[in-house]
Amino acid sequence: MLLSQTIAAIGELNREAMAQAQARVDSLLKPPGSLGRLEELAVQLAGITGRPAPEIRAKSVIVMAGDHGVVAEGVSGAPQEITYQILPRFLDGTGGIGVLGRHVGAKVVVVDIGVAREVTWPGVLVRKVRPGTGNIARGPAMTREEAVRAVETGIEIAQEEIAQGADLLATGDMGIGNTTPSSAILCALAGIPVAEAVGRGTMVNDAVLARKRAVVAEALRVNRPDPADPLDVLAKVGGLEIAGLAGVILGAAARRVPVLLDGFITGAAALVAAGLCPRAKDFMIASHLSEERAHRHMLAALGLKPLLDMNLRLGEGTGAALAMPVVEAAAKILREMATFGEAGVSDMERDKLL
Ligand SMILES: O=C(O)c1ccc[n+]([C@@H]2O[C@H](COP(=O)([O-])O)[C@@H](O)[C@H]2O)c1
Ligand SMILES: Cc1cc2nc[nH]c2cc1C
């Protein structure tokens with residue numbers, strides 16, 4: 001119910017606000033177009049929020065954590081326990097997203113949506129749908145009902161953050177093994193061949209990479225996900241944190257709040273969200289191009305261009321957090337830069353320049 005309501009609430013970009021923002025951008029004290037992608041981003045923010053001069057006052061990074069039965073196939077270079085052990089470090093400010101979240105002044109929200117072990121760390125939101133997924137090489141990751149519940153959990157958490165004042169959201173993931181289901185989703189929803197869709201993930205050597213390819217091919221063969229049904233793909237070859245993040249994206253879009261995508265795992269969540277509601281793509285901002293090779297295929301399928309390209313592959317929302325100041329800067333040029341007229345500077349006869 002919440003999922004269908006949320007999808008129905010996702011509207012179009014506000015063309016009038018975008019036209020006003022574009023006119024303002026074109027009259028600012030600078031050569032036309034000289035702020036490049038920042039100008040495009042400013043106009044997109046106007047379209048998302050419906051405000052010609054949007055303001056970002058509070059930012060949240062939502063990190064969804066879940067485990068993956070497919071680690072039994074030896075697809076990751078890291079032990080599953082790390083998913084559980086690292087969570088308090090995100091909140092005490094010593095893990096990657098702890099440091100970068102603090103650096104950019106964002107609240108970090110950590111959610112156990114499917115960690116294998118019972119989580120009692122103080123501050124972690126426990127919304128566990130189930131303790132880890134099934135092994136996708138042998139059967140489905142979860143039931144369709146669990147997939148819907150995980151997506152709806154993400155929607156609820158996005159709604160809670162927005163109700164508390166967040167006007168920019170970022171997605172983050174934590175889950176040893178989660179590049180494997182992310183690749184499977186990329187194959188199923190974007191039709192990318194297995195050899196192209198699978199990469200090295202955390203710390204994977206050549207032998208493990210070959211096994212990972214075989215496992216993704218097997219997961220697709222065993223489960224036969226229906227490419228026309230994103231919930232079927234999510235339930236059969238996805239993950240709980242991927243489902244939760246798809247919900248965060250849809251929840252943000254429904255409330256007209258911009259959402260920064262992090263890397264490869266968030267990209268898989270975005271493919272699911274866009275499959276469920278193509279209009280949701282308009283509310284997404286791709287923060288960076290991950291070092292995980294197939295991320296470029298995800299962004300191409302979504303029609304998104306990344307803001308940063310820094311060889312990041314940590315996940316946790318770190319790339320999305322790093323891009324937050326860029327989004328804030330885009331809003332600020334609309335609110336704080338003067339026009340030629342306001343600054344009393346001779347106009348450059350823009351018509352001749354364009
Ligand atoms: O964000 C990315 O693009 C990214 C790329 C590769 C790995 N990761 C992180 O590494 C973990 C998954 O890697 P793996 O090899 O265990 O599938 C998971 O916790 C992700 O957050 C993240
Ligand atoms: C240490 C470590 C931190 C991570 N953060 C996201 N994925 C990760 C994987 C490992 C291994």
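Here is a short conversation about the predicted model shown above.

Visitor: Which pLDDT do local features need here?
Guide: Residues are numbered from 1 along each chain as its sequence is written, and chains are lettered from A and ligands numbered from 1 in the order in which they are written. In this predicted model side-chain atom pairs count only at pLDDT 80 or more, totals for chains, interfaces and linings use all residues, and local features need pLDDT of at least 70.

Visitor: How many residues of domain 1 are in contact with domain 2?
Guide: The domain assignment, an automatic or database one, gives domain 1 (2-54 + 334-353) and domain 2 (59-326). Their centres, taken over C-alpha atoms, are 31 Å apart. Contact means that the C-beta atoms of two residues, placed from the backbone, lie within 7 Å. On that basis 17 residues of domain 2 are met by residues of domain 1 numbering 13.

Visitor: Which element gives the most to the side of domain 1 that touches domain 2?
Guide: Helices (H or I, at least four residues) and strands (E, at least two) are DSSP runs, numbered from the N terminus. Two elements give two or more residues to that side of domain 1, α3 (36-49) and α1 (2-9). The top contributor, with five residues, is α1.

Visitor: Which elements give two or more residues to the shell around ligand 1?
Guide: A residue counts as near a molecule or strand if its C-beta atom, placed from the backbone, lies within 6 Å of it. Around ligand 1 there are 25 residues, with Ser76, Gly201, Gly263, Ser290 and Gly315 the closest. The elements that give two or more are α8 (179-190), α13 (264-276) and β4 (168-174).

Visitor: Is β4 largely enclosed or open, and why?
Guide: A residue is buried if 20 or more other C-beta atoms lie within 10 Å of its own, exposed if 12 or fewer, and partly exposed in between, with C-beta atoms placed from the backbone. Leu168, Ala170, Gly172 and Met174 point one way from β4, while Leu169, Thr171 and Asp173 point the other way. Because seven of the seven residues of β4 are buried, the strand is largely enclosed by the rest of the structure.

Visitor: Which residue stands opposite Leu260 in β5?
Guide: Strands pair if DSSP finds at least two bridges between them. β4 pairs in the parallel sense with β1 (residues 59-66) over seven bridges, and two bridges join β4 to the parallel strand β5 (residues 259-261). The bridge partner of Val61 in β4 is Ala170, and the residue opposite Leu260 is likewise Ala170.
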